[in-house]
Amino acid sequence: MEYKEEILSKYPCFRKTVGIPMEDIVESHDGREVTLLKYIYNHPKLDSELRGSPQAILDAMDEFAAQEDFLINIGSHKAAVLTELLKEHQPKVIVELGGYVGYSAILFGKILRETYPPPSSTTHVYSLELDPLVASIAMNLVSLAGLSSVVEVIVGPSAHTLQRLHDEQILAPNDLDMLFLDHVEELYRDDLALCERLGYLDKSGVLVVADNVVRPGAPEYREYVRGNPRFRKSWGVPGLIVPGDYEDELEISLV
Ligand SMILES: C[S@@+](CC[C@H](N)C(=O)[O-])C[C@H]1O[C@@H](n2cnc3c(N)ncnc32)[C@H](O)[C@@H]1O
């Protein structure tokens, strides 16, 4: 029982698996992100391994999440699923909604760099993040990973930033190859529809991936993509396999 309490306090997201309501549970934006940044810069392998190594920084973030405090990023299991997907589809330009401290953005930047080694300059990750503090931490870690030329963190509400990228001709409609939705489940459907209106999903082959579609859940979003003729197919992929939970947590759709 004591062990269970310890697990639940360290990993609040598991509360939903035992029926404890998520209300009043804080699992991010409470100072732990600054603690993470200090943890990385105090890391004994900072100079010998972390600087310039996206994978070593992802590993250090996983290490922090396992040993210090829970982080709401995709984590290593979904990172492996997404790595396979990106290797198969080889997107060049990715937009993610909800960047947090940069874990998924660093993963995407790492894969783009491996797939299209420098001096290729046509690859880009736009990581859209509402909160300027966590976005600043992401920028710092992206830079430490040596990925500043590939990954751009942009602060602001997703819908506003998407509209701005379009109106200021920063991202042309046909340039987008992958959209990753990982911000607020209630916004997934509207932000996807905005991308459709802006022409970002007109090109055949664009990949759209949404996280957490089962828990906390985005049923409207899943219904929308599965019933939308724009997508050739749409399918679920398990996140972390806990019996009866986290099934098909990622929804993957292909234009
Ligand atoms: C689950 S986290 C993203 C995790 C990240 N994709 C990763 O795996 O490393 C969700 C993030 O979305 C951000 N967010 C919430 N509403 C947003 C909005 N309207 N636009 C952009 N970001 C938003 C939150 O501040 C939070 O940092």
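## Report on a predicted protein chain

Of the 255 residues of the protein chain, 39% count as buried. The model described here is predicted. Its secondary structure comes to eleven helices and seven strands. Among contacts between residues at least 6 apart in sequence, 72% join residues at least 24 apart.

### Strand β2 and its partners

Strand β2, residues 124–129, is mostly covered, with six of its six residues buried. Both of its faces are covered: His124, Tyr126 and Leu128 are buried on one side, while Val125, Ser127 and Glu129 are buried on the other.

Strand β2 is joined by bridges to β1 and to β3. The table sets out these two pairings, with one bridge from each.

| Strand joined to β2 | Residues | Bridges | Direction | One bridge pair |
|---|---|---|---|---|
| β1 | 93–97 | five | parallel | glutamate 96 (β1) with serine 127 (β2) |
| β3 | 151–155 | five | parallel | valine 125 (β2) with valine 151 (β3) |

Helices connect these strands into units. β1, α6 and β2 make a right-handed β-α-β unit, and β2, α7 and β3 likewise make a right-handed β-α-β unit.

### Helix α6

Helix α6 covers residues 103–115. At 1.5 Å a residue, its 13 residues should span 18 Å, and the C-alpha atoms at its ends are 18 Å apart, so the expected and computed values agree. The helix is mostly covered, as ten of its 13 residues are buried. These buried residues are Tyr103, Ser104, Ala105, Ile106, Leu107, Phe108, Gly109, Lys110, Ile111 and Leu112.

### The largest nonpolar core

One of the buried residues of α6, Ile106, also has a place in the largest nonpolar core, which has 67 residues. The residues with the most contacts inside this core are Ile57, Met61, Ile106, Ala138, Leu141 and Val142. Helix α7, residues 132–144, gives the most to the core, with eight residues.

The surroundings of isoleucine 57 can be described in further detail. Leaving aside its neighbours within four places in sequence, isoleucine 57 is in contact with Leu50, Ile106, Leu141, Leu144 and Ala145.

### Helix α2

In helix α2, residues 32–41, the buried residues are Arg32, Glu33, Leu36 and Ile40. Seen down the axis of α2, these residues fall within an arc of 100°, and therefore they line one face of the helix. The face turned away from this buried side carries the exposed residues Lys38 and Tyr41. The elements that cover the buried residues of α2 include α3 (46–50), α4 (54–67) and α7. Helix α7 thus appears both as a cover for α2 and as the element that gives the most to the largest nonpolar core.

### Glutamate 220

Glutamate 220 is found in helix α11, which covers residues 219–226. A residue is partly exposed when its count of other C-beta atoms within 10 Å lies between the limits of 12 or fewer for exposed and 20 or more for buried. Glutamate 220 has 13 other C-beta atoms within 10 Å, and it is therefore partly exposed. The C-alpha atoms of glutamate 220 and tyrosine 188 are separated by 8.8 Å, although these residues are 32 residues apart along the chain.

Notes:
Residues are numbered from 1 along each chain as its sequence is written. This is a predicted model: local features need pLDDT of at least 70, side-chain atom pairs count only at pLDDT 80 or more; totals for chains, interfaces and linings use all residues. Helices (H or I, at least four residues) and strands (E, at least two) are DSSP runs, numbered from the N terminus. The expected span of a helix is 1.5 Å times one less than its number of residues. A nonpolar core is a set of buried Ala, Val, Leu, Ile, Met, Phe, Trp, Tyr and Cys residues joined through C-beta atoms within 7 Å. Two residues are in contact if their C-beta atoms, placed from the backbone, lie within 7 Å. Two strands pair if DSSP finds at least two bridges between them. A crossover is right-handed if, with the strands pointing away from the viewer, the path from the first strand over the helix to the second runs clockwise. The arc is that of the directions from the helix axis to the C-beta atoms.
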